[in-house]
Amino acid sequence: MVNIYIALISLVLILSLLLVLIRVKEILKQSKRLDEKLKEERDRANAIVSSMGEGLLVLDTNYKIVLINPAAEKLLETTANEAVRQKWAEFVQAYIGKKQILFEKRSSVKVLKSGKVIITTVIDDHYYKTRSGRKFPVVSITAPLLRNGAVTGVVKLFHDVTREKEIDRMKTEFISLASHQLRTPLSALKWFTELLMEKNYGSLTDEQKEFVKNIADSTERMISLVNSLLNISRIESGRIIIDPKPTDLNELVNKVLKELEEKIKNKKINIIFSIHQQLPLINTDPKLIRHVYMNLIDNAIKYSPTGGEISIIVSKKDDQIISQISDNGYGIPKNQHYKIFQKFFRGVNVIKHETEGSGLGLYLVKAIIDSSEGKIWFKSEEKKGTTFWFSLPIVGSKPKAGEVSLDAEIK
Amino acid sequence: MKNEILKIMVVEDELLLLRAIGKKLELENIEGILCQSGEQALNQLKNLDRPPDAIWLDYYLKDMDGITFMMKLQSQNKKHDIPVIVISNSASQEKIKGMIALGAKKYLLKAEHRLDEIVKIIKEFIMN
């Protein structure tokens, strides 16, 4: 009996040992596979990093360069040997235009502190200056390197945008030149149609009067299109001046309404305007904000049927001034909501009612609000109407130096 | 001055525009001295018995820009008090500031105004 037991136990032991051996072999095999997989992935990552066109940098929490890829070596005129372990902010200086960016304002420093991604675009006008003194325009993405939720470093991707800048400059220059050139023949059209309507040169038949008026209207449309194009090229190139002044919004909106008086009367629109009584003067660029009200109210008139109602409410909420412009007009189809601030967008439903319009108005309005540190949003339902809201900080907008202002008014 | 008709010098190198302006001034019973270049205008100014009541100036002329015109005008007639109104196709802040600093009374954007609006604005400057 005992022998049988011993034999049995031995058998179990041997079997267990065999099983353990098989498992160990499997684990070894697996770990080898894992090793190979890791190696494969590492090789793949290395291949990507070293062949990509963008410069790539990895910094540690002391802003020291831990990794630099060949594209970055080339752009920054350095070698990995030279760059690794150097402090990034000292190694390469960064500029906004001609002004050097201070250490605390560097993207990598801000990202390390906030853990948030920073993306710069051509408009931000950032430059890097290498140690040899070469300065080049740059766009970059700076992202935190996270491990278990903690920021352990920074990854920076960047590229040289000299060519993009050049093309952008040429585009702006072209639009500006073409638009200015267009103004001469447009002035001739405007002034001669004005003369045609003078009684001194003989009176026109009713039909001729109508034709001349059509020419005059089309000329005005073309002039405003040229203005919009110019304004867009100004805003896009970042050359626009923001010149905040203490502004009385009540007075400003009333002036806009006065300018639109004829259109309002022609369409028998009922205007309701209400403004917070104790609204302080707000420090904003009156030319730019006038453009916003003008565009939104003009749109509301344009896209409302005759006899419609438009309400304009300017109120105060916390540290913001909220302006609301509502109409009970044609509305914007839901499936087009996402693109209403895009350049050249026009609602499919409104083109039928109103052929006039360039699709540039709301794009410009959004650009102005963005540059004034405000927000714009809307609600719209087809056949029921549209409401736009935009906010402006009570503290006002920051001034910005530039070369040009909007053409709306020259004083 | 009250009994005399108004006299406005127009400096504009686009012939068509110059013609439209000339016609408008005629309708308004204003004497127009029409010049197609800066040089021509400056020369005319030297030879006139009575200086014009105002100058209607385009910024970009074929032979000079508005800034040069203003400087030349000042150097040839140091005490002149003829109001200059600039009517131009392009109006950067820099140009406007430069022209106002040199004594221009107003800077208007060409395509934005009807002829009668411009004439009205110029008349206001003459009256003041």
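At what angle do the axes of helix 7 of chain A and helix 12 of chain A cross? I started my notebook with that one.

**Ground rules**

I am working with a predicted model, where local features need pLDDT of at least 70, side-chain atom pairs count only at pLDDT 80 or more, and totals for chains, interfaces and linings use all residues. Residues are numbered from 1 along each chain as its sequence is written, and chains are lettered from A and ligands numbered from 1 in the order in which they are written.

**Entry 1: the helix pair**

I looked up helix 7 (residues 206-236) and helix 12 (residues 361-371) of chain A, and their axes come within 10 Å and cross at roughly 35°. Axes here are lines fitted to C-alpha atoms, for helices over the stretch in contact, and angles run from 0 to 180 degrees between N-to-C directions. Helices (H or I, at least four residues) and strands (E, at least two) are DSSP runs, numbered from the N terminus.

I noted the crossing of helix 7 and helix 12 of chain A as left-handed; that term applies if the near helix is turned anticlockwise from the far one by less than a right angle, and right-handed if clockwise.

Which residues meet there? From helix 7 of chain A I listed A:Ser228, A:Asn231, A:Ile232 and A:Ile235, and from helix 12 of chain A I listed A:Tyr363, A:Leu364 and A:Ala367. By class, the residues of this contact are 5 nonpolar, 2 polar and no charged. For the classes, Ala, Val, Leu, Ile, Met, Phe, Trp, Tyr, Cys and Pro count as nonpolar, Asp, Glu, Lys and Arg as charged, and the others, Gly among them, as polar. Two residues are in contact if their C-beta atoms, placed from the backbone, lie within 7 Å.

**Entry 2: the two chains**

I tallied 12 helices and 15 strands in chain A. In chain B I found 5 helices and 5 strands, running β-α-β-α-β-α-β-α-β-α from the N terminus on.

Of the 411 residues in chain A, 26% are buried; for the 128 residues in chain B, the share is 38%. Buried means 20 or more other C-beta atoms within 10 Å of a residue's own, exposed means 12 or fewer, and partly exposed is in between, with C-beta atoms placed from the backbone.

I also checked how far along the sequence contacts reach. In chain A, 63% of the contacts between residues at least 6 apart join residues at least 24 apart. The matching figure for chain B is 64%.

**Entry 3: where chain A touches chain B**

I found 20 residues from chain A and 21 residues from chain B in the contact. Helix 6 (residues 162-196) of chain A gives the largest share of the chain A side, 11 residues. That side has 9 nonpolar, 5 polar and 6 charged residues.

**Entry 4: strand 1 of chain A**

In a regular strand the side chains alternate between the two faces of the sheet. I followed this along strand 1 (residues 55-59) of chain A: A:Gly55, A:Leu57 and A:Leu59 point to one face and are buried, while A:Leu56 and A:Val58 point to the other and are not.

Strand 1 of chain A pairs with strand 8 (residues 150-160) of chain A in the antiparallel sense over 5 bridges, and there A:Val58 has A:Val155 as its bridge partner. Strands count as paired if DSSP finds at least two bridges between them. Strand 1 of chain A also pairs with strand 2 (residues 65-68) of chain A, antiparallel over 3 bridges, with A:Leu59 bridged to A:Ile65. These two strands form a hairpin with 5 residues between them, and A:Tyr63 in the turn has a positive phi of about 65°.

**Entry 5: the open sheet**

I traced 5 strands of chain A in the order 10-12-13-15-14, an open sheet with mixed pairing. Which strands stand at the edges? Strand 10 and strand 14 of chain A do, each with a single partner strand, so one side of each is left without a neighbour in the sheet. On average, neighbouring strands are turned by 10° against each other, direction ignored.

Strand 10 and strand 12 (residues 309-317) of chain A pair in the parallel sense over 6 bridges, and A:Phe273 stands opposite A:Ile312. Helix 8 (residues 249-259) of chain A packs on the sheet, touching both of those strands, and its direction makes about 170° with that of strand 10 of chain A.
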